[in-house]
Amino acid sequence: MFLFSRSTGHPANAAILVAAGLAATTIRAAAADVTYAEPPFEVPSYEVQQAETFRNWTLVIGAGARYRPEYEGSDDLEVSPIPFFLFTYDDWLKIDPTGLEITAFRYEGFSVSALVGYESGRNEDDHDRLRGLGDIDFAATLGGRAAYEFGPLEAYATIEQTIGGSESLLGKTGLSLTAPVSQRLILGAKAEATIADDNHMQAYFGVDAIQAAASGLPEYQAEAGLKRVDISTSATYLFNENWLVRGEVGVGFLTGDAADSPIVEDDLQPSASLFLGYKF
């Protein structure tokens, strides 16, 4: 399921929204659309181990486009081309445009993972509304994720600390649904809430005295709290064992101090995306 990026509406993060949803459906799809016939005769154990190893990884590459606000809080929408890749190994490693996820513990539907990623920041040249606010630098993020799967549903929570850039702490919690309608069609839905600390809220939605003088916007102090709520639906169609297409529509609702910020033109943040991928 694709949603908004981890922390900004910057176009570079759009691929971030791709990964979360496509990861779940791709792993399930990989298991659903490939069958392995039993060998006609007994083979040496090392050959069986090689076959098992081959089945444990998945690679998807592709490209598409996303229609979304020019920055988080903008009422101007733009279309951006987006490359995409996803690599998974067994059930413990995932690498995608958002970064690296390593699952350290998994038991009866419950899992705990470590996350290494990035925050793309924001450029004041991205929109006229941002002029005079300065840039927010690109930075690395470190965090963790806990999740519990029950049938087609997954409840999850993540927390990530930005190292550099906005120096902020961001938490997300949500519920996702993955529903295979057939061997070729997979539907999905997701609801997610994002909570941010003072540093994040002030960096992306606050206006200090210097920024107010440079931009003409009034001074504004944005404090920690619920930043936004997002909902989305998606559909993935597998043409065959290799080619797939995925579409998604979603909407985000900025809340609290984020919604009241003078930087924000519209607290309703819609998005749509379409991607074509090839699975190896």
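This briefing walks through the barrel, the aromatic ring pairs and two unusual backbone spots in the structure above. Keep in mind that you're looking at a predicted model. The big picture is a barrel closed by 12 strands, with antiparallel pairing. A search of the whole structure also turns up eight aromatic pairs, and a few of them get a closer look below.

**The barrel**

- Going round the barrel, the strands follow the order β1-β2-β3-β4-β5-β6-β7-β8-β9-β10-β11-β12.
- Neighbouring strands of this sheet are turned against each other by 20 degrees on average, if you ignore direction.
- For one pairing up close, take β1 (residues 57-69) and β2 (residues 77-89), which run antiparallel and share 13 bridges.
- If you want to find a bridge yourself, start at Gly-62 and look across to Phe-84 in β2, its bridge partner.

**Aromatic rings**

- Among the eight aromatic pairs is Tyr-118 with Phe-138, whose ring centres sit 5.4 Å apart. Their planes are at 20 degrees, so this pair counts as stacked.
- This pair ties together distant parts of the chain, 20 residues apart: Tyr-118 belongs to strand β5 (residues 110-119), while Phe-138 is in the loop between β5 and β6 (139-150).
- Are Tyr-118 and Phe-138 buried or exposed? Tyr-118 counts as buried because its relative accessibility is 18%, under the 20% cut-off. Phe-138 has 57%, so it lands over the 50% cut-off and counts as exposed.
- Tyr-148 and Phe-150 make another stacked pair, with 5.7 Å from centre to centre and 25 degrees between the planes.
- Both of these rings belong to partly exposed residues: Tyr-148 has a relative accessibility of 39%, and Phe-150 has 37%.
- There's a cluster to look for too: ring pairs link Trp-243, Tyr-278 and Phe-280.

**Two odd backbone angles**

- Here's the background: most residues other than glycine have a negative phi.
- Glu-108 goes the other way, with a positive phi near 45 degrees even though it isn't a glycine. You'll find Glu-108 in the loop between β4 (99-107) and β5.
- With a relative accessible area of 61%, Glu-108 is exposed.
- Glu-167 isn't a glycine either, and its phi is positive at about 50 degrees. Look for Glu-167 in the loop between β7 (153-163) and β8 (169-180).
- Glu-167 is partly exposed, at 42% relative accessible area.

Definitions and conventions. Residues are numbered from 1 along each chain as its sequence is written. This is a predicted model: local features need pLDDT of at least 70, side-chain atom pairs count only at pLDDT 80 or more; totals for chains, interfaces and linings use all residues. Side-chain values use heavy atoms; hydrogens and water are left out. Rings of Phe, Tyr and Trp (its six-membered ring) pair if their centres lie within 6.5 Å; planes under 30 degrees apart count as stacked, over 60 as edge-to-face and the rest as tilted. Helices (H or I, at least four residues) and strands (E, at least two) are DSSP runs, numbered from the N terminus. Buried means under 20% relative accessible area, exposed over 50%, partly exposed in between (1.4 Å probe, protein chains only). Two strands pair if DSSP finds at least two bridges between them. Axes are lines fitted to C-alpha atoms, for helices over the stretch in contact, and angles run from 0 to 180 degrees between N-to-C directions.
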